[in-house]
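Subject: Structure for you to look at

Dear colleague,

I am handing over the structure below, together with an account of what was found in it. Please keep it open beside this message while you read.

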Amino acid sequence: MAESTEQMQPKKAFGWAARDSSGVLSPFTFSRRATGEKDVRFKVLYCGICHSDLHYIKNEWDKDFASSYPVVPGHEIVGVVTEVGSKVEKFKVGDKVGVGCFVGSCHSCDNCANNLESYCPEMMLTFGSIYYDGTTTYGGYSDIMVTDEHFVLSIPDNLPLDGGAPLLCAGITVYSPLRYFGLDKPDMHVGVVGLGGLGHLAVKFAKAMGVKVTVISTSPNKKKEAIEHLGADSFLVSRNQDELQAAMGTLDGIIDTVSASHPLLPLIGLLKTNGKLVLLGLPDKPLELPVFPLMLGRKIVASSASGGLKETQEMINFAAKHNITADIEVIPIDYVNIAMERLSKSDVRHRFVIDIGNTLKSST
């Protein structure tokens, strides 16, 4: 079926963008591409605020990943399909959908062939990348998205869209290493360092997998939340040497979600022989890694990025089955700059989600 003339036309979109490294966001009008034959167009209803949004709008990764402006952030995007291309097979108008961290890849490398699009050398991020047609990708702080159906995820009806949005980055970022590194077995004991946007979801997913979980934090006042609200089995204060000493050699693995610089040696000591320390945070300075304690216990320090599309859909379905959502604070779009300031101070429990559908002026 040929595309209609109206469907082939680019459409005006409205969002909020940062124009420079001050990171201040303000209203921004731009164009979304025409809905191609394999594209899904959807109305954005909610978009989570990831810590990487803050880093990017302020160009804080300039040495490794320089920002380009203007930038419309957002890669935890959910909404409802309004239009599909003639060759779209998986979605129809009215479906609930989501888009996560990336919107394109080469489709021909080994990573793509093995459903690891997130590791494709030509992977295109949801915002700040150059798309196939030479245009810059704009993210979910906007009213509409147009995305190739391969990179669109199905959201089950029983998964709330607002609390489900952060799963598209924070959720898969913790789910993927739990699965890949084999830390998802009921007889496992896993530590989670940090109780922020990633950490609280790591606890929820690990507990749903039947794993025994110990939360490790610098803040003693997070113990009640970790155990009573999130269901962790135990809690360690990382500055309490007596608690750390008593827990030495008890963990099969650790999911470390902290982005601030912090010592790794105490965490390595908590691992059993063959234990795995998985780093998910992105500190702005290199961490010191002592090799001797790794060697003595045949321990592994690793890292992990977002999962591929197949695994991300698996994660969403798992979350829907086990009623896992992020703990969120829903905000209007005009609060976004205050939210960024609060996020920089870790003043959120545990994820901001922008109510795009009700608070962003529509381009239509």
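A sheet is a good place to begin: six strands form an open sheet with parallel pairing, and their order across it is β12-β11-β10-β13-β14-β15. The edges are taken by β12 (234-237) and β15 (300-303), each of which has a single partner strand, so one side of each is left without a neighbour in the sheet. From one strand to the next, the twist averages 20°. Please bear in mind throughout that this is a predicted model.

Within this sheet, strand β13 (residues 251-256) pairs with strand β14 (residues 271-279) in the parallel sense, and the two share five bridges. If you would like a particular place to look, find I255, whose bridge partner in β14 is V278. As background, the strands of a sheet pair through backbone hydrogen bonds, either parallel or antiparallel.

Helix α5 (residues 197-208) lies across β10 (189-193), β11 (212-217) and β13, and the helix runs at about 165° to β11.

The helix α4 is mostly covered, since nine of its 11 residues are buried. The buried ones are A170, G171, I172, T173, V174, Y175, S176, P177 and L178. What covers the buried residues of α4? The cover includes β10, α5, β13, β14, α10 (309-321) and β17 (351-355). After α4 comes G182, which has a positive phi, near 70°.

The aromatic rings add a further layer to this picture, for a search of the whole structure finds 10 aromatic pairs. One of them is formed by Y175 and F205, which meet edge-to-face, with 5.5 Å from centre to centre and 75° between the planes. This pair links distant parts of the chain, as Y175 belongs to helix α4 (residues 170-180) and F205 to helix α5, 30 residues apart. Are these two residues buried or exposed? Y175 has a relative accessible area of 0%, and because buried means under 20%, it counts as buried; F205 is likewise buried, with a relative accessible area of 0%.

Another pair is formed by Y180 and F181, also edge-to-face, at 4.9 Å centre to centre and with 85° between the planes. Here Y180 counts as exposed, at 66% relative accessibility, whereas F181 is buried, with a relative accessible area of 13%. Elsewhere, F28, F30 and Y138 form one aromatic cluster. A ring can also have a charge over it, and in this model the charged end of R179 sits over the ring of F318, 5.3 Å from its centre.

There is antiparallel pairing to look at as well. β4 and β5 run antiparallel and are joined by four bridges, and V78 stands opposite G98 in β5. β5 also pairs in the antiparallel sense with strand β9 (residues 153-154), over two bridges, and there the bridge partner of V97 in β9 is S154.

Three single residues deserve a separate visit, and the first to find is D95, in the loop between β4 (77-84) and β5 (96-99). D95 counts as buried, at 17% relative accessibility. If residues up to four places away in sequence are not counted, D95 touches G79, V80, V81 and K90. A polar atom of the side chain of D95 also lies 2.9 Å from the backbone nitrogen of K92.

Next, S129 lies in the loop between β7 (124-125) and β8 (144-148) and is buried, with a relative accessible area of 11%. Leaving aside its neighbours within four places in sequence, S129 is in contact with M124, T135, T136 and T137.

Finally, R32 is found in strand β2 (residues 25-32), and at 8% relative accessibility R32 counts as buried. Neighbours within four places in sequence aside, the contacts of R32 include P10, K11, R41, Y138 and I144. Which backbone atom lies 2.8 Å from a polar atom of the side chain of R32? That atom is the backbone oxygen of I144. By comparison, R32 and A18 are 14 residues apart in sequence and 18 Å apart in space, taken C-alpha to C-alpha.

With best wishes

Note on methods. Residues numbered from 1 in each chain as written. Predicted model: local features only at pLDDT ≥ 70, side-chain atom pairs only at ≥ 80, totals over all residues. Heavy atoms only, no water. Buried < 20%, exposed > 50% of the residue type's maximum accessible area, 1.4 Å probe, protein only. Polar contact = N/O pair within 3.5 Å; in protein donor to acceptor, adjacent residues only side chain to side chain. Contact = heavy atoms within 4.5 Å. Pairing = 2+ DSSP bridges. Axes fitted to C-alpha atoms, helices over the stretch in contact; angles between N-to-C directions. Phe/Tyr/Trp six-rings, centres within 6.5 Å; stacked < 30°, edge-to-face > 60°. Lys NZ or Arg CZ within 6 Å of the ring centre and 35° of its normal.
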